[in-house]
Each structure stands twice: as structure tokens, then as C-alpha cells.
Amino acid sequence: SLKFIGKNGLQMGWDQTLNNYKKSYSSKELMGKLRFDIKTIEPMGNQSAMMIGNWNLFRKSDTLSGYSTIIWKRIDGEWLIIADHSS
């Protein structure tokens with residue numbers, strides 16, 4: 001179950017997060033181009049890691065930017081995001 005923390009607070013679950021993205025980025029123009037620069041990746045045991053980076057969203061109308069802390073966990077052999085705090 002994904003936890004996403006952004007300007008609107010905590011969202012729980014993959015479906016809720018996906019629905020919010022679809023509302024906020026309903027067209028290619030609103031979606032823009034995302035660039036993510038990884039600053040650090042720190043293992044948290046053998047099955048999880050924390051990644052910190054900054055993001056830039058380039059759109060025709062504006063450019064947004066911020067930082068993210070992302071927690072990855074290995075589940076059934078796949079690395080999945082379980083928490084994302086973006087600001």
C-alpha cells in the first residue's frame with residue numbers, strides 16, 4: 001500500500017494516488033516533462049532503501065520543482081515504492 005505525502009497531505013493506497021494524478025495531470029500539456037535528479041540512495045537493510053532527489057516539471061505554461069524522499073522495498077523480487085514525500 002503506497003503512501004504519498006504532498007502539498008495536500010497524506011494519501012493512502014495506489015488507486016487513490018493514481019486517481020489524484022489523473023485529475024491533476026489530465027492532458028499532455030498539464031503532465032509536461034518530468035526530470036528527476038537522484039542526490040542520495042541509502043540502504044535500509046537488505047530489502048529497503050531511501051532515495052532523496054529533486055524533481056523539475058517542465059510545462060509550456062510554467063516550471064515546477066521540489067524535492068522528494070522515496071522509500072523503496074523489495075517485494076517478491078521487485079523494487080517498489082512504498083512511500084513518497086514530495087514537496
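Two rings of Phe, Tyr or Trp are taken to pair if their centres lie within 6.5 Å, and planes over 60 degrees apart make the pair edge-to-face. In this structure, which is a predicted model, that rule gives two aromatic pairs. One of them joins phenylalanine 4 and tyrosine 21, whose ring centres are 6.0 Å apart and whose planes meet at 70°, so the pair is edge-to-face. Phenylalanine 4 belongs to strand β1 (residues 3-6) and tyrosine 21 to helix α1 (residues 14-24), and the pair therefore ties together parts of the chain that are 17 residues apart in sequence. Together with Tyr25, the residues Phe4 and Tyr21 form one aromatic cluster.

The two partners of this pair are not equally accessible: phenylalanine 4 has a relative accessibility of 12% and counts as buried, because the cut-off for that class is under 20%, whereas tyrosine 21, at 39%, counts as partly exposed.

The aromatic cluster leads on to the largest pocket, which has a volume of about 770 Å³. Of the 23 residues that line this pocket, those closest to its centre are Phe4, Tyr21, Tyr25, Trp55 and Ser86, and among these are the three members of the cluster, Phe4, Tyr21 and Tyr25. Two or more lining residues come from each of β1, α1, β3, β4, β5 (63-75) and β6 (78-86), and helix α1 provides the largest share of the lining, with five residues.

Two of these contributing strands, β3 and β4, can be followed further as a pair. Strand β3 (residues 33-43) runs antiparallel to β4, and the two are joined over ten bridges. Within this pairing, isoleucine 38 stands opposite glycine 53 in β4. The hairpin that the two strands make has four residues between the strands, and glycine 45 in this hairpin takes a positive phi near 90°.

What surrounds asparagine 54, once its neighbours within four places in sequence are left aside? This residue lies in strand β4 (residues 48-58) and, at 12% relative accessibility, counts as buried. With those neighbours set aside, asparagine 54 is in contact with Arg35, Phe36, Asp37, Lys39, Gly66 and Tyr67. For one of these residues the link is also polar, since the side chains of asparagine 54 and lysine 39 are joined by a polar contact of 3.5 Å. As a general point for reading such strands, the side chains of a regular strand alternate between the two faces of the sheet.

Conventions:
Residues numbered from 1 in each chain as written. Predicted model: local features only at pLDDT ≥ 70, side-chain atom pairs only at ≥ 80, totals over all residues. Heavy atoms only, no water. Phe/Tyr/Trp six-rings, centres within 6.5 Å; stacked < 30°, edge-to-face > 60°. Buried < 20%, exposed > 50% of the residue type's maximum accessible area, 1.4 Å probe, protein only. Polar contact = N/O pair within 3.5 Å; in protein donor to acceptor, adjacent residues only side chain to side chain. Contact = heavy atoms within 4.5 Å. Pairing = 2+ DSSP bridges. 1 Å grid on protein atoms, 1.4 Å probe; cavity = no way out; pocket = protein on both sides within 12 Å on 5 of 7 lines; lining within 4 Å. Points joined across faces, edges and corners; volume = space filled by probe spheres on them.
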